[in-house]
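User: I've got this structure open and I'd like to learn how the usual labels are earned. Could we go through some of them together?

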Amino acid sequence: MRDGAGVLVVISGPSGAGKSTVIRELLSAKDRFEKPLFFSVSSTTRPPRAGEKDGVHYHFVSRADFEALAARDGFLECAEYAGQCYGTPRAAVETCLARGGCALLDIEVQGAMQVKRRRPDAALVFLMPPSWEELERRLRGRRSEPEEKIVRRLAIAHEEFNYIGAYDYVIFNDSVEKAARQIEAVIRAERCRVARLLPWVGLQTP
Ligand code: ADP
Ligand code: 5GP
């Protein structure tokens with residue numbers, strides 16, 4: 001009973017803020033968590049970057065396959081970002097939550113707003129770069145996109161900052177280790193929420 005339901009954590013932030021890096025750090029220390037920590041592998045139509053593996057970083061799919069899964073209501077949320085489709089396969093997240101685990105979603109702001117509507121118990125975390133200059137440095141330093149795509153991602157970043165008010169937590173990624181520990185703290189705090197425990201002990205809000 002005390003364990004309560006699973007925890008759904010959304011991590012958003014501008015491209016290059018360090019979401020994947022911080023999540024990797026969290027996953028590398030899974031043994032710090034008492035319950036399973038699960039990274040939701042998204043489906044996307046964007047081509048893989050060098051080093052990205054199908055089924056690990058993303059499920060790389062055609063637009064037709066993406067649309068077929070969307071039509072079957074197979075996504076918890078989905079959105080278009082920089083001309084490509086991205087979506088969270090629903091089944092794996094639900095399985096994780098039913099087991100009381102923590103599901104981590106690395107998704108952009110429109111998808112995060114869909115999750116917030118469908119799952120009001122989700123904790124929404126916005127990962128901030130230390131400065132705009134550092135964001136540009138990280139995005140360019142990653143060498144994963146040509147310059148015109150970097151410029152597009154930076155333009156999207158400007159719009160994404162407008163959504164911060166809809167998030168529950170803002171974490172600055174000046175150190176990967178520190179940001180990961182702060183997300184760990186969010187997960188622990190979310191597990192202690194009274195609202196999460198009420199249904200398990202048969203109580204209602206007075
Ligand atoms: P995102 O997933 O948000 O697009 P990445 O995790 O790919 O961002 O990180 C973008 C780049 O910034 C990568 O080259 C990564 O190594 C680097 N990076 C991430 N976090 C930090 C940090 N705290 N300090 C310095 N560099 C970082
Ligand atoms: P990238 O192409 O850099 O891997 O991801 C681009 C953006 O898409 C990032 O903001 C990332 O968080 C977001 N993203 C990745 N997977 C999903 C998903 O399943 N749904 C949504 N809405 N966004 C996603």
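User: What makes the pair between Glu-77 and ligand 2 a polar contact?

Analyst: A polar contact is a pair of N or O atoms within 3.5 Å; within protein, one must also be able to donate a hydrogen and the other to accept it, and residues adjacent in sequence count only if both atoms are side-chain atoms. Here a side-chain N or O atom of Glu-77 is 2.7 Å from a nitrogen atom of ligand 2, so it fits the 3.5 Å limit. Arg-49 also has a side-chain N or O atom 2.8 Å from an oxygen atom of ligand 2. The backbone joins in too, with a polar atom of Ile-107 lying 3.5 Å from a ligand 2 oxygen. The protein covers 96% of the 510 Å² of accessible area that ligand 2 has on its own (Shrake-Rupley method, 1.4 Å probe; for residues, only the protein chains shown count as cover).

A word on ground rules: this is a predicted model, where local features need pLDDT of at least 70 and side-chain atom pairs count only at pLDDT 80 or more, while totals for chains, interfaces and linings use all residues. Residues are numbered from 1 along each chain as written, chains are lettered from A and ligands numbered from 1 in written order, and side-chain values use heavy atoms, with hydrogens and water left out.

User: How do you know which residues surround ligand 2?

Analyst: A residue is near a molecule if one of its heavy atoms lies within 4 Å of it. That gives 16 residues, with Ser-42, Arg-46, Tyr-58, Tyr-86 and Asp-106 the closest. They divide into 5 nonpolar, 4 polar and 7 charged. Charged means Asp, Glu, Lys and Arg; nonpolar means Ala, Val, Leu, Ile, Met, Phe, Trp, Tyr, Cys and Pro; the others, Gly among them, are polar.

User: What makes ligand 1's links to Lys-19 and Thr-21 polar contacts?

Analyst: Same check. A backbone N or O atom of Lys-19 is 2.8 Å from a ligand 1 oxygen, and a side-chain N or O atom of Thr-21 is 2.5 Å from an oxygen of ligand 1. Both are within 3.5 Å, so the name holds. Arg-138 brings a polar side-chain atom to 3.2 Å from a ligand 1 nitrogen. The protein covers 75% of the 570 Å² that ligand 1 has on its own.

User: Why are strand 4 and strand 5 called edge strands?

Analyst: The open sheet has the order 4-3-6-5, with mixed pairing. Strand 4 (59-60) and strand 5 (75-81) each pair on one side only. Strands are DSSP runs of E, at least two residues, numbered from the N terminus.

User: How do you know that strand 3 and strand 4 pair?

Analyst: Pairing takes at least two DSSP bridges. Strand 3 (residues 43-44) and strand 4 run parallel and are joined by 2 bridges, so they qualify. In strand 4, His-59 is the bridge partner of Ser-43.

Notes:
Helices (H or I, at least four residues) and strands (E, at least two) are DSSP runs, numbered from the N terminus.
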